[in-house]
Amino acid sequence: MTEVRAHCGIYLAHTLDELYPGLNSVSHRGREAFGIAGIGDRIDVLKAVGTPDSFSLKTLNRIFDRLYHTFIGHVRYATTGRKELEEMLQDAHPITIEGDVHKRDDHLVIRDCRIVGVHNGQVNNEYFEGFDFGKLTTGTDTEKLLYLYDQIKEKEIMKRVPGSYTIIIADRGRSDIIVMRDRTGIKPGVLGKKAGRFVVASEDSALTDQKVQFIEELRPGWVYYISADGTKAKPIKIINAEPRHCFFEWNYIARVESTLSDLQVRRLRRALGVKLAEEFMEEVNPNEIDYVTFLPECPEEAAIPFAERLGKEYIEVFYKRDKERSFQGSNKSD
């Protein structure tokens with residue numbers, strides 16, 4: 001398995017009322033910053049520190065004050081990147097090409113963008129060699145992917161850049177929204193449908209939350225073209241899949257209700273608990289153990305079968321006031 005550092009969340013819907021709860025449903029994947037793009041005859045963007053629910057839906061409707069056919073959103077996980085407020089806002093997604101920037105305290109509003117993208121993944125610099133990135137402002141791999149798209153378009157990116165990415169791109173010059181999942185399929189992505197219109201999310205549990213019908217996992221090596229009205233999703237195979245997996249996705253990032261690559265997260269975590277108990281018994285006498293507990297929230301599913309395998313009592317000793325993940329803020333206190 002390959003471990004990568006970029007764990008963010010993405011969501012695509014066709015109204016702000018649908019995007020807002022959907023984006024909150026993937027906010028466990030990152031809470032340093034979030035962003036939303038409204039796509040219509042103009043592309044407008046909001047980028048802010050914190051989580052989506054730090055803005056009310058009423059306020060968001062005031063910011064996105066025109067007609068848009070599609071909304072795409074992103075939550076960012078603070079494992080890497082710059083930590084000053086202005087730099088965090090620049091690094092937050094959607095990443096933009098062109099547009100009029102309006103700074104408003106702890107958030108940015110960018111009007112009339114030409115191209116925007118939201119991205120979950122990581123691409124090494126070696127795959128960008130030989131291309132012109134003289135206009136970069138952030139240096140993020142997402143911005144490089146977006147400028148690379150502007151130069152060679154999505155099909156060539158899929159052929160040339162294996163990386164690990166699920167990315168959604170909106171281009172003012174094209175009617176369809178472009179959704180890409182690279183050949184390795186390391187970063188998750190799912191396609192759903194609600195009220196006759198297609199939805200994209202990082203995890204199927206987010207679709208379930210919003211009562212969206214699950215259609216399929218985005219296929220590695222394929223590009224999906226989502227029509228402006230949301231009623232069509234045309235998948236095109238670009239390159240053969242070369243599946244790889246990230247242990248961190250199953251063991252930590254994904255919600256326990258989710259399924260990744262046809263494997264239930266809960267089932268894998270429970271199997272890990274059994275395996276860990278077997279390895280543990282080779283090193284320690286189980287009779288020296290009084291009981292088994294866990295530190296919330298992710299290890300709970302593994303702790304229960306761990307205790308069962310050892311024949312010990314499982315007790316809940318610790319608790320948290322909420323289900324937010326630790327280590328996903330921009331400082332140690334988060």
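How many bridges join β6 to β7, and in which sense do the two strands run? The points below take up this pairing and its surroundings in what is a predicted model.

1. Pairing of β6 and β7. The two strands run antiparallel and are joined by five bridges. Together they make a hairpin in which two residues lie between the strands. Within that turn, D105 has a positive phi of about 55°. As an example of the register, H102 has V109 in β7 as its bridge partner.

2. The sheet as a whole. The hairpin belongs to an open sheet of nine strands, whose order is β6-β7-β3-β2-β4-β1-β12-β11-β13 and whose pairing is antiparallel. Its edges are formed by β6 (100-104) and β13 (213-217), each of which pairs on one side only. From one strand to the next, the twist averages 15°.

3. The other neighbour of β7. Strand β3 (residues 43-49) also pairs with β7, again in the antiparallel sense, over five bridges. Here the bridge partner of L46 is V109 in β7. V109 is likewise the bridge partner of H102.

4. Burial of β7. Of the seven residues of β7, six are buried, so the strand is largely enclosed by the rest of the structure. The cut-off behind this assignment is a relative accessible area under 20%.

5. H107 and its surroundings. H107 is found in strand β7, which covers residues 107-113. H107 counts as buried because its relative accessible area is 14%, and the limit for that class is under 20%. Leaving aside residues up to four places away in sequence, H107 touches L46, K47, A48, F55, L89 and H102. Among these, L46 lies opposite V109 as its bridge partner. The side chain of H107 also makes a polar contact of 3.3 Å with the side chain of D106. As for H14, that residue and H107 are 93 residues apart in sequence, with their C-alpha atoms 23 Å apart in space.

6. The β11, β12 and β13 end of the sheet. Strand β11 (residues 190-194) is joined to β12 by five bridges, and the two run antiparallel. In this pairing K194 stands opposite R197 in β12. β11 and β12 form a hairpin with two residues between them, and A195 in the turn has a positive phi of about 55°. β11 also pairs with β13 in the antiparallel sense, over four bridges, and L191 stands opposite E216 in β13.

7. The junction of β1 and β12. Strand β1 (residues 9-13) and strand β12 (residues 197-201) pair in the antiparallel sense over two bridges. The bridge partner of L12 in β12 is V200.

8. Geometry of helix α4. How far apart are the end C-alpha atoms of α4? The helix spans residues 141-160, 20 residues in number, yet these atoms are only 15 Å apart. A straight helix would reach 28 Å at 1.5 Å a residue. The helix bends by about 105° at I152.

9. S56. This residue is placed in the loop between β3 and α2 (57-63). Is S56 buried or partly exposed? S56 is classed as partly exposed because its relative accessibility is 36%, a value to be read against limits of 20% and 50%. S56 and I95 are 39 residues apart along the chain, and 22 Å separates their C-alpha atoms.

Definitions and conventions:
Residues numbered from 1 in each chain as written. Predicted model: local features only at pLDDT ≥ 70, side-chain atom pairs only at ≥ 80, totals over all residues. Heavy atoms only, no water. Pairing = 2+ DSSP bridges. Axes fitted to C-alpha atoms, helices over the stretch in contact; angles between N-to-C directions. Buried < 20%, exposed > 50% of the residue type's maximum accessible area, 1.4 Å probe, protein only. Contact = heavy atoms within 4.5 Å. Polar contact = N/O pair within 3.5 Å; in protein donor to acceptor, adjacent residues only side chain to side chain. Expected span 1.5 Å × (residues − 1). Bend = angle between axes of the 7 residues up to and from the residue.
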